[in-house]
Structure formats: C-alpha cells, structure tokens
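This report covers aromatic contacts, one strand and its neighbours, and one pocket. The structure is shown first.

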Amino acid sequence: MFKTGSEVIQWIISRGYFGSCPGLERITELLRLLGNPERTYPTIHVAGTNGKGSTTRYLANLLRTNGLKIGTFNSPFIKDFAEQVEINGQEIDSFNLVKLGNQIKPLVEQMDRQKEFYGITEFEILTGLAFSYFKGRVDIAIIEVGMGGLLDSTNVIEPELTAITTIGLDHTAFLGDTIEKIAYQKAGIIKKNTPLIVGNVSEDALNVIKTQAAKNDAPVYIWKRDYQTDYRGFVRQQFEEFNFHNREIQLKNLETPLIGHQQVENAAVALEMYYLYTQKHNLPFNKSKIVNGLLQTKWPARMEIISLKPLVIMDGAHNPHAIKRLKENLLTDYQNYHVKILFSAIVTKDIKLMLEELLQIPNVEITMTTFDDERALKLEDFKAWQPRIKLNADWHEAYRKLKNELQPNELLLIAGSLYFSSEVRSQIK
C-alpha cells in the first residue's frame, strides 16, 4: 500500500520502461475496471504537434470566468509530476494521489497477469488516474492528447468539442514520416457530429483533416476562414496584443502574457472553442471577463521570461516545427538583441534540423549541453559541429557563464527538450 504521493508518482514513473505503446486496449480495460469515470462528466479534447498545452490553459481560464470547475490533463510536466492533473489550476494533492494509487495498482497487477493487457504504460496509468480524479469534482475536463490522437490513450472520451492546433513532423517513428500521415493520426480524435476547431495548419494537413471530419459529419471551424486574428504587436516587452473575430463577434485589443506569435494563434483556437461552448450552453460571453481570463494564463517554459535584467528566456521548443516558430519570434520581438542559446534535447528528436534552423539567426551563439536523462543527447555525436556551436557537458557551468557575461543588448535563451527545461527551471527559479 502506498503511504505518500511521492511513492505513487515513483511507481507510475517506473512503468516508463514499457515506453510508448500506442493502442486503446489497455486503457479501455483499466477504465472499465475503474467503472468508466470518463463517462460521468463532459470533456473537450485537444490535439496538435505544438500549442495544445497552451490552448488548454487558455480555454480553462476562459471557462473559469463563467464560474465552472475545470479539470485539465496536460503533459509532460515542467515543475512537478502532479501538475499534469489539475482542477481550477490546483494540482492533485497527495491524499488523492495515494487514494487513487492504491485503487489502481491492484488493477494494473491484475491486467499484467493477462497477456492481452500486459504492460500498461506510465501515460496510460496517469490517464486513468486523471479521469478518476475528475469524477464528481468538475463541470468539464479539458484533455490534452499525449501523442498523435487516433491511438492515444486519451482517445476513449466522447467530447463536446475537439481541436487540432498545429501539425508538424514529430514522433515520426510512431505517427508517420509525412505531414499527411501525422494529420491522419491527429484527426483520429474527430468524433461523430462533434464540432472541430482547427488552428494554423498547412493545406496538406487541412485536406486530410477535412476528409476525416466529413466522414464523421463533424462541423469544422478553421483559422483564417471561420475565425481570425489580427496580430498587433509585442507590447511592453511582456504581452502579445491582437484582435479576434468570427462570424458573430469582434474583440479588440486583447493581450496574452504567453509571448510568441504562435500564442496568439493558440489563444484564437481557445477563444473559438469558448465561443462555441458558451453558445451551446447559453452562458455569458463577456469581453471584460475574457480579457481577464487570457491575462491569468500561465504556462511554464513557453517563451517564459525567467529574468529581465539580464534578459533570460526559456522555451521548450523540442521539434523542428516549434523551433521554426521560436526563430520567427526572436527575429521579430527580439530583433535588436544578440542571441545566446543554451540548447539540449533528447535523442529521438531531429536535433540536426533544429540546430540548422537556429543557426540561421544572425549573430547567434549556440552552446549545446546535456542533462540528467537517459534519453538526453550525447555531446560526442556533435563534435563535428564545432566551431559552429560550442559544447559543454555541464549545463550548470554553461548557464552561469552565459548569464554572467550577458550584455544589455544580449539575451540568453534556454531551449530544446521540455525535459531539459524542466530540469533547468527547477534549479534556477
């Protein structure tokens, strides 16, 4: 029997040796044994290569302005493991972790004795725990897809709304090596007659998504066609300002404290979802509350300003699609700064393509490092990249040196894997 929340967390993490194992058989059986808690409250499902976490956070805060209790399931974690399961921004407490851990562990052991259900993974157990925790506690839960969509363990819900934020090449070993194949996997969350909101995706991806939506008679709301944003600029070095409008409403001079042009697009997906939800449930759509809901949104390691003097920013851009948007943000919002980057990633990512993208930034200096994760990159694999990049195996030393030498016209960017960002952030905040 577990006695502490940390024991439960360690047990769940220990299941990581089964790795990622797409499929719904194991999670379906676990939820059946738990009494299918996911059927007892409404849900919203959010997929996308990048942006799904930010969109989930925006939407949760918008819905909270209507007095609703909102459950959120996000991954991976940045500060601590329990933040992946929250209600109204409060992560699951140790008491409920222990209670649910002691309920779920015997069921997992039972499943492990059955060949067809053996090896339920860390993420599947966390999904079952989150769905159980929300039962009887929330008015609605916003569920972020872990990976892909079609075979992701979250894809057992029957949501009121679905969203696909972006499509890019990531997790290609599992999802396919083309934009079309990945779009097909993401489109797997589309449900019969359920509205789908689509963010900034390419035409190739959009064609796949529209085909799958048509098969499910799902209404589709597309960025720049059914709802739009007018980007107004980076104001006071802290906010992205924009206008939003769709078929019925127009909102001007909105601001988001999550910086980067892509955050305006993520906010727009959330606003469109919020509008559709309030229309369906006859809830007020109040501009002043919307302004406040957006401003309350926080999301660590997403163009997060760690320090203003000197200027230190952390961004968990961990695939080529996200790195490209990061580069665009630096070239527009921080075009007057000389950029120094402390970078690391895990070996399953296209690291070389990410580095080539970052090296296109004028006058950039990149220091590559590694961190405490068995999946972290090995510096010896990148010796041939010198002197285009510097190598330093000790990120603590590299961070101190880079920060201490920063000039007023320079910024330090900590970028790459969210796992790297998590380790760095926990020690420097």
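Rings of Phe, Tyr and Trp (its six-membered ring) pair if their centres lie within 6.5 Å; planes under 30 degrees apart count as stacked, over 60 as edge-to-face and the rest as tilted. The model examined here is predicted.

**Aromatic pairs**

Searching the whole structure gives 11 aromatic pairs. In the pair formed by Phe371 and Phe420, the ring centres are 5.4 Å apart and the planes stand at 45°, so the pair is tilted. Phe371 sits in the loop between β15 and β16 (390–391), while Phe420 belongs to helix α14 (residues 418–428), so this pair ties together parts that are 49 residues apart in sequence. Are the two rings on buried or exposed residues? Phe371 has a relative accessibility of 8% and counts as buried, because the cut-off for buried is under 20% relative accessible area. Phe420 is buried as well, with a relative accessible area of 0%. Elsewhere, one aromatic cluster is made up of Tyr41, Tyr133 and Phe134.

**Strand β14 and its partners**

Strand β14 (residues 338–344) has 7 of its 7 residues buried, so the rest of the structure largely encloses this strand. The covering applies to both faces of β14: one side carries His338, Lys340, Leu342 and Ser344, the other Val339, Ile341 and Phe343, and all are buried.

β14 pairs with two strands, β17 and β15, as listed below.

| Partner of β14 | Residues | Sense | Bridges | Bridge partner of Leu342 |
|---|---|---|---|---|
| β17 | 410–416 | parallel | 7 bridges | Ile414 |
| β15 | 365–368 | parallel | 4 bridges | Thr367 |

Leu342 therefore has a bridge partner in β17, Ile414, and another in β15, Thr367. The connection from β14 to β15 involves helix α12 (residues 351–358), and the three elements make a right-handed β-α-β unit.

**Second largest pocket**

The second largest pocket holds about 670 Å³ of space. Its lining consists of 28 residues, and those nearest the centre of the pocket are Leu258, Gln296, Thr297, Lys298 and Trp299. By class, the lining comprises 11 nonpolar, 7 polar and 10 charged residues.

Which elements supply at least two residues of this lining? They are α3 (52–64), β2 (70–73) and β12 (304–307). The largest share, 4 residues, comes from α3.

Methods: Residues numbered from 1 in each chain as written. Predicted model: local features only at pLDDT ≥ 70, side-chain atom pairs only at ≥ 80, totals over all residues. Heavy atoms only, no water. 1 Å grid on protein atoms, 1.4 Å probe; cavity = no way out; pocket = protein on both sides within 12 Å on 5 of 7 lines; lining within 4 Å. Points joined across faces, edges and corners; volume = space filled by probe spheres on them. Nonpolar A, V, L, I, M, F, W, Y, C, P; charged D, E, K, R; others polar. Buried < 20%, exposed > 50% of the residue type's maximum accessible area, 1.4 Å probe, protein only. Right-handed = clockwise from strand over helix to strand, strands pointing away.
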